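Here is a protein chain to explore. Keep the model open while you read, and look for each part as it comes up.

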Amino acid sequence: MKFVITLVICITLSIVLTQMVSAASLVPNSPPEIVVRTPSEPYQFQSSFYLDASVKDDYNNADLKADIGGFLIASSPNGQIQREIKSEYYARRDTLTLESSDGYNRVVKTLPIYVDPSSRLKLLHKVEGRALDYDGQRILYQTPQGAVFIKTISSEAVQFVFNANYIKEGYLTSRGALLLDTSKVLYEAAEGKQEILKSDSTQPIQVEGNYVLFEFGADTHLRNLATGTTEKVFKGTSHKSAKLMPGGVVVYNYGNYINRYFGGTSKLWKYEPDLLTYQSDGKQLVTEQCSMEANRKYCSLALIDDKGTMSYLIHKEVRSYPYNYKFNNGWIVFQHSLSLSNYDYKLITPTGETKQLLSNVYLGLDYVTSNGTVVFHNDNKMLLQASFEQPYIREFSGKSGKIKWMQDHHYRIAGDSILLYTPEADSAIKQINSRYVGYYGPITIYYTKPIKPGLGREKFVLESEVASENVELTVEYQEQAVVIQPKKDFPFGGKCTLTIPYNAVTDSTGLPVEAYDRTHKMDCSGYLAQSNVEVKVSDEEGHRLEGAKVSFFLPGEELSFFEDYSNPEGMISKKIGKIGPLRIKAELAGYEFMEQEVILDYSGKIVEFKLKRLPDPNMNYGPVWQTKYVTLDKVDDTNVTIHWDPAKDDQGVANYKVYYDAAKPPVTIPGNKTAAEVTGLTPDKEYVLYLQAEDITGIKSTPITISLRTKETPFRFGINQPKASYKMGEKLNFSISQFVKDNIGPQAYKLNLSWDPNYLKLDDQAIQTSEQQKPFKLYFKQRQEGFVQIVGGKTGDTSLPLNPNPNTNPTTYTTPLVYLPFTALKAGTTKVILRQGSQWAHSSDETRTMGKDIVINVTIVEN
């Protein structure tokens, strides 16, 4: 009986529980809902944005994660994220992804984000999916499902193009689109048809306007996308330097020539073997060429026009690193390295004008547009730009997406959007009145509409460009203005920056009036702490001058902001509320005025002026130079000749004196002559000459300084070959000789010889001295593949043969020293180089060193 009752109770309880579960299963478990309060459209930010997002769910606690481009930036188990996101997370990425899960359902929400450091980004168009290209009238895009469409903006018409899992790159053409998938298969979709142009997954493509250059099979092809025709530019794929230019012009190097292909091949320019890089706009070339001379690397950058005429931009400059340069439509910008981390950047116009854009910095050089706008990038992956008219560098974009230059504007194709970089982006701020903050009142921000305080009302920041601390502010809201007042003097000076948070001001409905933080640079001199400046004025002998007028100027200003006169001690003491550069001028009747540029800091500054007395017309001050222009008419190894413009003296110039050596008397020239020859100088030596005019009373003029370096002693060695060309296997007998200009004979010599061992082999056992050199012992000091150093020294009390008759052979006398037999190995052209030959007049004194390599070209032909 007990068993039956228990069974009935269990069955009944089971039925009740089943009914309860069934009833509960009728209530749906809805997926979480992600709510984003900030950021809001158009999702454009200068340096950071505030992420305020949460999750709504029915029964479960859903979590929330946020990542940018696969980089996790925040997560919350309770479904709420509130934090500031800085641009370092998204400078190269353009999608914010929010993901939530309640254990049963998972939802994902994506938002586009765009870095806009210059507040110039304007949203033009949006599409469903991912934008691939834009030409001003049409947008090429791919939907999340993989379909590719072309949208005509004016009519909103949409045309299906292609269907693929994922397209890596896309380009609009006049007949349709060019598409490259992730496997690097190249398709052309035109007039409702699809054609595979390239299936090779290794080589890149080049697209320029309505042309594409690509490799297919064993050849390189040029496709005209407007007509659908294909030309074979050249056979084979070895021309890796081929570049596609506007209008379908292809430029490539082959056979020691830079060639131009446009319906046929023509030769633009024959280059030397030391060509490193080149760039072309289809008509002209810019080339970089380097060579080694005396163990130093010399490089040149040159422009070659369409007639083959070369003009150097930089000629034979000693360099360790290659040039980075860009060339487009006659505009040339190049990066000139000062060191590993500092560079100069110069821009040259099509007419040849040059302007330095910036100096002593490092930026990556991206490109120059057809109208001369230069685009750089920095370490923060931000794009910057400059031009000839505005040479200072300005940030204008993050590096994510595709940046495109059309119709004198930059466009950005990123995520689902097409954006335009305008001269100045739309803003609710009408004007900021901030000139000399403190002297003329507070900072006042005027708006175009009525405003209210926002959540960021306490986040205004005023900071110096040179200091890390900032100043406490009071903020007052008016109907259409915000008034900001610093509470105390600045502890630093010069320029400062005001940051206006995007959510500090709202409209009447409570929505922020700005899409992102704004910054404004200003002069904060009015609230600077003061610096003590002492000015001392005296004459050239050090006597203090009373009554000198001292004026203080701001940089670039012609009107002084303060003036005073020196006291009997010749001094002025003044507290200046200006930190940074300052111009100070001192003047007094009867003296030449003086100006100095100084940099003020809060440690104070002492500035001294020594004024020069103006000439007295009743005194004889001696000769005066009309100009200080001196011409070096001739510079030899031991002699120089100089020429100058005459000096003026009311009593006449008696003579001119040229001082060149403190241990020797000057060269004296009569007053009616204006040229002098200085002899007896040491070869290859720096000299400083001083030229003075002297009148009949013995009063001398101020000296003119001439710096020069004498030339090296003429070459003492030479190398020659008996024939112009040789056959493979043939013996080549080179002879090395000395050249004697006068009766100077060394007691030893050293010769360094180098060659390419692939072309020539030296038979070192057969090296012989000439018959005239038998008193000399010949031996090798160094010997390696392609190099030999030969040293010859006397064996007895003798020297190398001298010039037997210097009177009849005043120029040179040649004496053979040594013969070197070589064997020709293979056909081609090679060089034999005689390097750093030296002679000794005494065994411990190396007196004559050849200052330049001697190069012999050797031609070897097949048998």
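Which residue lies over the face of F553? That residue is R583, at 4.1 Å from the ring centre. Keep in mind that this is a predicted model. Now look for K585. Its charged end sits over the ring of F593, 4.8 Å from the centre of that ring.

Stay with the rings for a moment. The structure holds ten aromatic pairs. One aromatic cluster is formed by Y141, F149 and F160. Find these three residues in the model.

Next, step back to the whole chain. It has 78 strands and one helix. The chain counts 863 residues, and 44% of them are buried. The accessible surface comes to about 45300 Å². Carbon and sulfur atoms account for 49% of that surface. Now consider contacts between residues at least 6 apart in sequence. Of these, 53% join residues at least 24 apart.

Now zoom in on one sheet. It is an open sheet of four strands, in the order β10-β41-β40-β39. The pairing is antiparallel. Why is one side of β10 and of β39 left without a neighbour in the sheet? Strands β10 (121–126) and β39 (402–406) stand at the edges, and each has a single partner strand, so one side of each has no neighbour there. Neighbouring strands of this sheet are turned by 30° against each other on average, with direction ignored.

Finish at the β39 edge. Strand β39 pairs with β40 (residues 409–414) in the antiparallel sense, over five bridges. Look there for M406, which stands opposite H409 in β40.

Technical notes
Residues are numbered from 1 along each chain as its sequence is written. This is a predicted model: local features need pLDDT of at least 70, side-chain atom pairs count only at pLDDT 80 or more; totals for chains, interfaces and linings use all residues. Side-chain values use heavy atoms; hydrogens and water are left out. Rings of Phe, Tyr and Trp (its six-membered ring) pair if their centres lie within 6.5 Å; planes under 30 degrees apart count as stacked, over 60 as edge-to-face and the rest as tilted. A charge sits over a ring if NZ of Lys or CZ of Arg is within 6 Å of the ring centre and within 35 degrees of the ring normal. Helices (H or I, at least four residues) and strands (E, at least two) are DSSP runs, numbered from the N terminus. Buried means under 20% relative accessible area, exposed over 50%, partly exposed in between (1.4 Å probe, protein chains only). Contact means heavy atoms within 4.5 Å. Accessible areas come from the Shrake-Rupley method with a 1.4 Å probe; for residues, only the protein chains shown count as cover. Two strands pair if DSSP finds at least two bridges between them. Axes are lines fitted to C-alpha atoms, for helices over the stretch in contact, and angles run from 0 to 180 degrees between N-to-C directions.
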